[in-house]
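Me: I'm in my first year and still learning to read protein models. Could you take one part of this one and walk me through it slowly, then show me how it sits in the rest of the chain?

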Amino acid sequence: MVNREKLLDILYKVMIGGSYASLLMRNMDIDARDAGKASEIVYGTLRNMTLLEAQWRPFVKNVKPRTSLLLDMTAYQLFFMDDVEDYAVVNETVKLVSKGERGFVNAVCRRMQREKLRVPKGDSIADVSVRTSHPEWILRMWEAHYGHERMLRIAYADQERPTVYGRINTLKIDKRTLGKDLRYHFIDDICFTCDMLITHTEQFARGEVLVQDYSSQQVAKLLEAKKGMRVLDVCAAPGTKSQQIAMGMLNEGELVCCDLYEKRLGLVEQLMEKTGVSICRTVAVDGTKKGSFEKESFDRILIDAPCSGLGDLRHKPEIRWRLKPQDIDGLVDVQQRLLEANCEYLKVGGVLVYSTCTINRKENEACVRKFLDGHPSFMLDKELNILPGKGDGFYAARLKKT
């Protein structure tokens, strides 16, 4: 049986303590049989928080933060989960509050049951904000960038349970061999879905497959790193894209993986060892500062820049509740400094790929255009703007140095 008190603790640590649900869920001691339901409750509550709060807030004036999250979690189970009985949900909810709150919480839960799910029907930003549980400022930004209809499609896509994609590691196994296992379903030459949790397979344990979103896989493909090249991955940790680059290089050449923190580079080193990559060298550097490497010494450079993460709200729904409009300017400044500091390491004729997991044009197209305006030796060769749907939202620009 799912321990709802533990799930409430996770929601509290995420919304009040600033933790990330994915890390807390990964470290949660829970029976494998209950993992799916636990994940559904936590992520479903985070994805639908505005709509859920709208179900009980009209009946309540003042409520403690923890009780507020409990009512959100209860509303999600009552209205979005068919495999749990309403009476059991309410009984478990009442047990999780103090004696002084039990009567009040029980009354609110019963009122929600009577009223049924109430969803705004209008097409205004305010109604869409409640219906899809997105802050209004994010919806207005997307509307300005992509138009109203595409904004709606993005917001609804964020509310879907994400498909878990994997990638084959051809340094250890080939597609034909892995394809004999009928649990694996290939989408292209390296990307697949799996009938069970990828992290629970023997192939994952042996480093033959990795978990990586479909959209993320397109970034390394755009880089087109070949064997024998010297490649720089500026913001490499935790190393999933780095491993894909090494795989494309057939594990021949040199791959330099950087990050600001030694601890995060340890994750890269562990992944490379597990997946059979021997050409990787890790270096702890501040990627926003010049002079870490010789000028014109790399054939390929990947800058997978820190960003707002607005393309990844299905996997990390808490981002929408933390990000503020003023945060964007600070991120853009870092992104510009990363481009400025690392472009001089690229050889003439080489390729630099700038990528983010956001769908904010200020961090994407506008950032690249500003860089190109100040660096006439670079030209835009190709641009990917992937909106949430088949995979996460992603942006990548392939720049050539002439």
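Reply: Let's look closely at Asp392, in what is a predicted model. Asp392 is buried yet has no salt bridge. The nearest side chain of opposite charge belongs to Arg314, and it is 4.2 Å away. A salt bridge here needs a side-chain nitrogen of Lys or Arg within 4 Å of a carboxyl oxygen of Asp or Glu, so the 4.2 Å between Asp392 and Arg314 does not qualify.

Where is Asp392 along the chain? Asp392 sits in the loop between β10 (378-386) and β11 (394-401). What does its side chain meet there? The side chains of Asp392 and His315 are joined by a polar contact of 3.1 Å. If we set aside neighbours within four places in sequence, Asp392 is in contact with Asp213, Ser215, Gly311, Asp312, Arg314, His315, Ile386 and Leu387.

Two names in that list, Asp213 and Ser215, lead us to a helix. Asp213 caps the N-terminal end of α13, with a side-chain oxygen 3.0 Å from the backbone nitrogen of Ser215. Helix α13 covers residues 214-223 and is mostly covered itself, as 9 of its 10 residues are buried. Among them are Tyr214, Ser215, Gln217, Val219 and Leu223. After α13 comes Glu224, whose phi is positive, near 55 degrees.

Now go back to the two strands on either side of the Asp392 loop, β10 and β11. Arg398 and Asp381 meet through their side chains in a salt bridge (2.8 Å, N to O). Arg398 lies in β11 and Asp381 in β10, so the pair ties together parts that are 17 residues apart in sequence. How covered are the two partners? Arg398 counts as buried at 7% relative accessibility, while Asp381 counts as partly exposed at 36%.

Helix α18 (residues 365-374) holds Arg369, which gives us another link to follow. Arg369 is partly exposed, at 35% relative accessibility. A polar contact of 3.1 Å joins the side chains of Arg369 and Glu383. Apart from neighbours within four places in sequence, Arg369 is in contact with Leu380, Glu383 and Tyr395. The C-alpha atoms of Arg369 and Leu380 are separated by 8.9 Å, and the two residues are 11 apart along the chain.

The Asp392 contacts Gly311, Asp312, Arg314 and His315 point us to another stretch of chain. Ser308 is found in the loop between β8 (298-304) and α16 (319-322). Ser308 counts as buried, with 5% relative accessibility. Its side chain makes a polar contact of 2.6 Å with the side chain of Glu363. Not counting residues up to four places away in sequence, Ser308 touches Ile319, Leu323, Ile328, Leu331, Thr358 and Glu363.

Trp321 is in helix α16. Its side chain reaches the backbone oxygen of Leu46 at 3.1 Å. Leaving out neighbours within four places in sequence, the contacts of Trp321 include Met15, Leu46, Ser133 and Pro135. Trp321 and Ser133 are 188 residues apart in sequence, and their C-alpha atoms are 9.5 Å apart in space.

What about the cysteines? A search of the whole structure finds 0 disulfides. Cys307 is in no disulfide, and the nearest cysteine sulfur, that of Cys357, is 3.5 Å away. A disulfide would need the two sulfur atoms within 2.5 Å, so this pair does not count as one. Cys307 is buried, at 18% relative accessibility.

Finally, let's step back to the whole chain. The protein chain has 18 helices and 11 strands. Its radius of gyration is 23 Å, close to the 21 Å that the globule rule gives for 402 residues, so the chain is as compact as a globular protein of that length. Buried residues make up 52% of the 402 residues. Of the contacts between residues at least 6 apart in sequence, 71% join residues at least 24 apart. The count of salt bridges comes to 25, and Asp392 takes part in none of them.

Technical notes: Residues numbered from 1 in each chain as written. Predicted model: local features only at pLDDT ≥ 70, side-chain atom pairs only at ≥ 80, totals over all residues. Heavy atoms only, no water. Buried < 20%, exposed > 50% of the residue type's maximum accessible area, 1.4 Å probe, protein only. Helix = DSSP H or I, 4+ residues; strand = E, 2+ residues; numbered from the N terminus. Lys, Arg positive; Asp, Glu negative; His and termini not counted. Polar contact = N/O pair within 3.5 Å; in protein donor to acceptor, adjacent residues only side chain to side chain. Contact = heavy atoms within 4.5 Å. Rg over C-alpha atoms; globule rule 2.2 N^0.38 Å.
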